[in-house]
Amino acid sequence: MQSPFKIFKKDKKKKKSNPHYSSERIRSLGAVFNLVIGKRSNGKTFDWKTDLLDGYSKDRKYRGVYIRRKDTEVLPKNIAPLFELPEFDAITNEPVKQIVDYFDGEFNSYEYKNRAFTLVFRDEETGEVIKRDTQPFCFTCALATWENRKGVDVGEVRSICFDEFMTREPYLRDEFVKFMNVLSSFIRDRDTATIWMLANTVNQYCPYFEEMGLKQVSEMEPGTIQLYRMGEHGQTTIAVEMCEGTEGSQKVEKYFAFDNPQLEMITSGAWEIALYPHCPCEMTKEDIAFRFYILFNNKVIAGDVMQDEEHLFILYHAHNPEREFTKDDILYLPTNDGYLNHCKHISDTPTEAHKLINHLIATEREFYATNEIGEIVRNWKMNVR
């Protein structure tokens, strides 16, 4: 059950742009899940990890979990620098608070072993560890290999971050369920954890939005926050923030000001949309051999199999979402319903028509009415192959 969401807009009276992203606004809502979406390198991850350091310096129960999708992303060579802090802010040129400052000299560095970060004090000349904290302050986890590594309870954690939860690459099979299981393995029977999901604007048809019932994310404006309440009693709160521009992201726009719509994600924070091939020739309704439908992410896409003496391909376009389908329609939907013509996966080929669709997709004989339609179909394919 979902209650109507609330929209929080940016206060125009306040400073138009901050040096870096700050989670102050979204934290004030006290949501269980916090989705923060915006330009690359605007400070989303930096904000989370410095909050974790600050929280842990005040309360040793304020520990974190850092989640990535692939196992390679949490290997020491790739993730060890996560908590390295620059000496000076690149935008303001002001000194950046260091680990030694957070912990009043008790610790001045950290080490990453056994998929966990632990604070240490190192000799400044030799680098030798003189003192080591009694527990890790942050654990790491990869969704792809979580089943092989789940184990004993690591104790209370307060802040769980899934970084780059959106991708343009294929998602894991049943990824949302895997993510929920990971959360359960760390949360256990405690209710003190807050979940952070951070991402760049790379995929407006991310399957997490549908799984979590977030139907308006792709239409959000920069600087706005939407608050959803889920569950019979509204006990699950989800805040979604579309980040406004920052001085840091504006400073580097001069490197990407080319006339290419795919770069708007970098320069303006717009959703990244690829360029897809449009219909290469003149075709008419008489050239439609048959039509099939795709139900994905609360949208309906029609696929016309176009055929004349010289051409055979699929042309995708938007369709009326209110249409009522019958058992005779060739339909791809999220779950099987028992009808022969209704399938879940592209590889399901119960009829000759399904076999032809599978063949045309496999041989990339496909065209799109718009680039937005191409994005929807691309994401559908990643979820049903």
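A salt bridge is taken here as a side-chain nitrogen of Lys or Arg within 4 Å of a carboxyl oxygen of Asp or Glu. The legends below describe close-up views of a predicted model.

**View 1. Arg68 and Glu73 form a salt bridge.** The closest N and O atoms of Arg68 and Glu73 are 3.1 Å apart, and this distance satisfies the definition because the cut-off is 4 Å. Arg68 is buried, with a relative accessible area of 12%, whereas Glu73 is partly exposed at 23% relative accessibility. The cut-off for a buried residue lies at under 20%, so Arg68, at 12%, is placed in that class. The structure as a whole holds 19 salt bridges, and further examples follow in the next views.

**View 2. Arg115 and Asp71 meet through their side chains in a salt bridge.** The N to O distance of this pair is 2.5 Å. The two residues link distant parts of the chain, being 44 residues apart, with Arg115 in the loop between β4 and β5 (116-122) and Asp71 in the loop between β3 and α3 (76-79). Arg115 is buried, its relative accessible area being 14%, while Asp71, at 21% relative accessibility, counts as partly exposed.

**View 3. Glu106 and Arg60 are joined by a salt bridge between their side chains.** Here the N to O distance is 3.5 Å. This pair also links distant parts of the chain, since Glu106 belongs to the loop between α4 (99-102) and β4 (109-113) and Arg60 to the loop between α2 (44-58) and β3 (64-68), 46 residues apart. Glu106 is partly exposed, with a relative accessible area of 32%, and Arg60 is likewise partly exposed, with a value of 30%.

**View 4. Val100 is found in helix α4.** With a relative accessibility of 33%, Val100 counts as partly exposed. When its neighbours within four places in sequence are left aside, Val100 is in contact with Gly105, Phe107 and Asn108. Val100 and Pro170 are separated by 70 residues in sequence and, from C-alpha to C-alpha, by 40 Å in space.

**View 5. Helix α6 comprises the 13 residues from 175 to 187.** At 1.5 Å a residue this helix should span 18 Å, and its end C-alpha atoms are 18 Å apart, so the expected span and the distance in the model agree. The buried residues of α6 are Glu175, Phe176, Phe179, Val182, Leu183, Ser185 and Phe186. The helix is followed by Arg188, whose phi is positive, near 55°.

**View 6. The largest pocket encloses about 610 Å³ of space.** Its lining is made up of 23 residues, of which Asp174, Pro207, Glu211, Lys344 and Asn383 are the closest to the centre of the pocket. Two or more lining residues come from each of the elements α6, α7 (207-211), β12 (288-296) and α11 (371-384). By residue class, the lining of the largest pocket divides into 13 nonpolar, 3 polar and 7 charged residues.

Definitions and conventions
Residues are numbered from 1 along each chain as its sequence is written. This is a predicted model: local features need pLDDT of at least 70, side-chain atom pairs count only at pLDDT 80 or more; totals for chains, interfaces and linings use all residues. Side-chain values use heavy atoms; hydrogens and water are left out. Helices (H or I, at least four residues) and strands (E, at least two) are DSSP runs, numbered from the N terminus. The expected span of a helix is 1.5 Å times one less than its number of residues. Buried means under 20% relative accessible area, exposed over 50%, partly exposed in between (1.4 Å probe, protein chains only). Contact means heavy atoms within 4.5 Å. On a 1 Å grid over the protein atoms alone, a cavity is a set of points where a 1.4 Å probe fits but cannot get out, and a pocket is an open set with protein on both sides within 12 Å along at least five of seven lines; lining residues have an atom within 4 Å of a point. Grid points are joined across faces, edges and corners, and a volume is the space filled by probe spheres set on the points. Ala, Val, Leu, Ile, Met, Phe, Trp, Tyr, Cys and Pro count as nonpolar, Asp, Glu, Lys and Arg as charged, and the others, Gly among them, as polar.
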